Amino acid sequence: MIRKYGVFFSSHRFAIACFSIILLAAFLRFYDIHNRFGLAYDQARDLLVARESIREAMLPLIGPFASAGQFVYGPQWYWILMAVLLISPSWFLMPWVFLGILSCFSVFLLMKTGELIGGRMLAIIVGILAAFSPGEIAQSVNLSSPSMSGIFSVIALYFFVKLLTKKKEMDVFLLSFFVSTAIMIHFQSIGLIPLLVIGFLLGKKTIKFSLVYILGFVIPLLPLFYFDITNNFLESRHVIEFYLHGQDRIYYPNRWLTYISVYWPAAWARIVGAHIVIGYIGFLSFFILFAMFLYKRRPNRIPLGISVFLCINIVLLRYYKGQLFDSYLVFLHGAVLLMMAIFIYYIYLWKKIAGIFFLFFVAMASLHGVYLESKGSANGTFLRSESVARVLEGKFPEKNFSVYDYRYQSPGVSLPIVLYLDYKQRVSETGVKIGVTSFADAASMSAFPIIDTSLDVALLDLSASSEGELEQVGWGGVNPSDVQRSTVLWYRKE
């Protein structure tokens, strides 16, 4: 019996190793998720829009406004949320759990990508790096469009590598389709376009392949294109205005020396390694690898293509004139993890012990960073929303609520409250009117009785006032229908 099991494990070592890595990735992503899941303004707004769209049996044509300018994303992020909510409409954590599952799937896909590039050992290395990645673990509980864009970028990277190894038309279509979809989910992913160009230059250059590229890219654009042509080209005009003038309205210093020597090593460490020393080693190793690929007479086209793709984005991001947040690099996580894995793989080929030791060192450093990040986590926004619901239900038993925000100054507080109440089916347009505002504003509103001020937010009873009176003094509704209307239906004429 022991010999039988020994033969089985010996002949299935790679599959067992991959399965173990996925299990480890799942543990790190789902451990204590009740305290770690991200709930803030963006998450609450997007879920409210998705839930209301399901109730109204309506498929949005657009996504939310971009933070950079007066233009909107495509609707695909809301479509995904709607599909997830249909699976389990009443489980609050379902969308975050689904995102975590996709994050585990991206670890698996990176392993498949590594296997296509350098075989099973490279697959194991990139799988371990991805499973322990502080950046990937953080995004797995951050229910936002950049997180989903990052997952689609990993899928696009897989089909890029598959295209260069298999050269099939379906791989061309899926690469182009997922690049375009990632861009529609969040415009940061426009940096994936060089992947299409490199794939075309290194792959087959036929008319048929070119048409497949175009078809795959155009399909995800159709909803936003239809919105644009039926609304006086509002989207395209505002995008052009942003690139010509809007970027210059706010200046962020970004000199090359600081960008290369400070920003990128720190960003690299947040993706893999956690500690700044590993960030410097990883970022420097990338340029060493890139120089090696260029020096070789016949380099491996796939690592060279990924290196060129990463270099192009490093240059492009240097000339982005806004503030660079960590979430703007999520679409590059897969490429960074692959390049770090290739570097460790070359060390392993040179000296096995050195490669294994360095991989272990990076993995443990990443795990330490994840531990420090998650230690003592508590989802304050969710706990406050839960407490507010208890207060309101105690004050108005068996009543529904219609929630208002004063001058829309506290959406990061009011929208999560509305989302929690909506899951409990306690929101109604004709419910008891509840105002959510700051203590300072509440103190100046003697006309509205105070319900509670013990939860870092002031709750006021607005029931005695009409809609017109509330609107006149600055109160605005933040019920699901209000959020949906202001987010994806604002362009419609009443």
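A residue is called buried here when its relative accessible area is under 20%, and in this predicted model that word applies both to Trp-268 and to Phe-286.

**First stop: Trp-268 and Phe-286.** Select these two side chains and look at their rings, whose centres lie 6.2 Å apart with planes at 35°, so the pair counts as tilted. Trp-268 belongs to helix α15 (residues 256-271) and Phe-286 to helix α16 (residues 276-295), and with their positions 18 residues apart in sequence the pair links distant parts of the chain. Now widen the selection to the aromatic cluster of which both are members, adding Trp-256, Tyr-259, Tyr-263, Trp-264, Phe-283, Phe-287, Phe-290 and Tyr-319. Before leaving, display Arg-318 as well, which lies over the face of Tyr-319 at 4.9 Å from the ring centre.

**Second stop: Phe-92 and Tyr-423.** Across the whole model the aromatic pairs number 37. For another of them, select Phe-92 and Tyr-423, where the ring centres are 4.7 Å apart and the planes stand at 55°, so this pair is tilted. Phe-92 sits in the loop between α5 (76-87) and α6 (94-118), whereas Tyr-423 is in helix α21 (residues 411-423), so the contact ties together parts that are 331 residues apart in sequence. Both Phe-92 and Tyr-423 are buried. Add Arg-51 to the view, and it will be found over the face of Tyr-423, at 3.9 Å from the ring centre.

**Third stop: strand β4.** Move next to residues 458-461, which make up strand β4, and colour the side chains by the side to which they belong: Ala-458 and Leu-460 are on one side, Leu-459 and Asp-461 on the other. In a regular strand, side chains alternate between the two faces of the sheet. Are these four residues of β4 buried or exposed? Each of the four is buried, and both faces of the strand are thus covered.

With β4 still selected, bring in its partners. Strand β2 (residues 432-437) pairs with β4 in the antiparallel sense over four bridges, and within that pairing Gly-435 stands opposite Leu-460. Strand β3 (residues 450-452) also pairs with β4 in the antiparallel sense, over two bridges, and here Ile-450 is the residue that stands opposite Leu-460. Leu-460 is therefore a convenient residue on which to centre the view, with Gly-435 of β2 opposite it and Ile-450 of β3 opposite it too.

**Last stop: the turn.** Finally, follow the chain from β3 into β4, which together form a hairpin with five residues between them, and select Asp-456 in the turn, where phi is positive at about 60°.

Methods: Residues are numbered from 1 along each chain as its sequence is written. This is a predicted model: local features need pLDDT of at least 70, side-chain atom pairs count only at pLDDT 80 or more; totals for chains, interfaces and linings use all residues. Side-chain values use heavy atoms; hydrogens and water are left out. Buried means under 20% relative accessible area, exposed over 50%, partly exposed in between (1.4 Å probe, protein chains only). Two strands pair if DSSP finds at least two bridges between them. Rings of Phe, Tyr and Trp (its six-membered ring) pair if their centres lie within 6.5 Å; planes under 30 degrees apart count as stacked, over 60 as edge-to-face and the rest as tilted. A charge sits over a ring if NZ of Lys or CZ of Arg is within 6 Å of the ring centre and within 35 degrees of the ring normal.
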